[in-house]
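Q: Please take a close look at one part of this structure, for a reader who is new to it, and set out how its elements and side chains are arranged. A connected account would be most helpful.

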Amino acid sequence: MVIGLMGGVGCGKSTVLGYLEKNYDAYIIEADKVAKEIMLPGNEVYDEVAKAFPEIIKNGYIDRNILADIVFKDEEKLTRLNTITHPGTIKKISNMIAEAGNDLIVLESALLINSGLEEYCDELWFVYCDIESRMERLMNSRGYSREKCISIMNNQPADEEYNSYADEYIDNSSSQEKTLEQIDMILRKNDC
């Protein structure tokens, strides 16, 4: 079974992933990490991104902070970046799914909907958390400013859109214990 785990930045997807990996022996694929791997020197995607955004290359590597500042302020540039990175990411992830030996695979991506990745999933799970809690988490854990949080969130699907595609809904707005109980309940229902 392949679960597509989605939700906006700061909603708590990492908590869900960690629990599924530890307690259900899930094979975890994080789309963002895969996208970072394929943007290292020596990869075709790296070459294409470097050509499209030459100002982001520092000491032979892509400076992700500069890239984020550029694309999250300009929708056209974000689209351009996604046009380069998504096909390479999808190819790598499809290979990882095919080669995984686990009964439970979890593919996490904030941008799962309409990315092409959802086609590899048997179910889509939406992790919800209210916006203020998400911003507080991001400011505390990543040192983001409130403005940066808002900018990133504005470039992701709205909660209503995630929920409209979801087969399962996990509310991560209260205690971690309640979140984990929801996961157990969903997996019991699915006989996992």
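**Helix packing and its surroundings**

A: In this predicted model, helix α6 (residues 131-141) packs with helix α7 (residues 146-154) at an angle of about 120 degrees, and their axes are 10 Å apart. Two packed helices are described by exactly this pair of values, the angle between their axes and the distance between the axes. Because angles of 65 to 115 degrees count as roughly perpendicular and those over 145 as roughly antiparallel, α6 and α7 are oblique to each other. The crossing in which α6 passes α7 is right-handed.

The contact can also be read residue by residue. On the side of α6, the residues involved are I131, E132, R134, M135, L138 and M139, and they meet R146, C149, I150 and M153 of α7. By character, the residues of this contact comprise seven nonpolar and three charged, with no polar ones.

Attention may now turn to the aromatic side chains. Across the whole structure, a search finds five aromatic pairs. A pair of aromatic rings is described by the distance of the centres and the angle of the planes. For F126 and Y128, the ring centres are 6.2 Å apart and the planes stand at 65 degrees, so this pair is edge-to-face. The two partners differ in their exposure: F126 has a relative accessible area of 1% and is therefore buried, whereas Y128, at 21% relative accessibility, counts as partly exposed.

F126 also pairs with Y162, and here the arrangement is stacked, with 5.4 Å from centre to centre and 20 degrees between the planes. This pair links distant parts of the chain, since F126 belongs to strand β6 (residues 123-128) and Y162 to helix α8 (residues 159-165), 36 residues apart. Both F126 and Y162 are buried. Together with Y128 and Y169, F126 and Y162 form one aromatic cluster.

A further residue to consider is I62, which lies in strand β4 (residues 61-62). Its relative accessible area is 12%, and I62 is therefore buried. Leaving aside residues up to four places away in sequence, I62 touches M39, Y46, V49, I56, I57 and L67. I62 and L40 are separated by 22 residues in sequence, while their C-alpha atoms are 7.5 Å apart in space.

Technical notes: Residues numbered from 1 in each chain as written. Predicted model: local features only at pLDDT ≥ 70, side-chain atom pairs only at ≥ 80, totals over all residues. Heavy atoms only, no water. Axes fitted to C-alpha atoms, helices over the stretch in contact; angles between N-to-C directions. Helix = DSSP H or I, 4+ residues; strand = E, 2+ residues; numbered from the N terminus. Parallel < 35°, antiparallel > 145°, perpendicular 65-115°, else oblique. Left-handed = near helix turned anticlockwise from the far one by under 90°. Contact = heavy atoms within 4.5 Å. Nonpolar A, V, L, I, M, F, W, Y, C, P; charged D, E, K, R; others polar. Phe/Tyr/Trp six-rings, centres within 6.5 Å; stacked < 30°, edge-to-face > 60°. Buried < 20%, exposed > 50% of the residue type's maximum accessible area, 1.4 Å probe, protein only.
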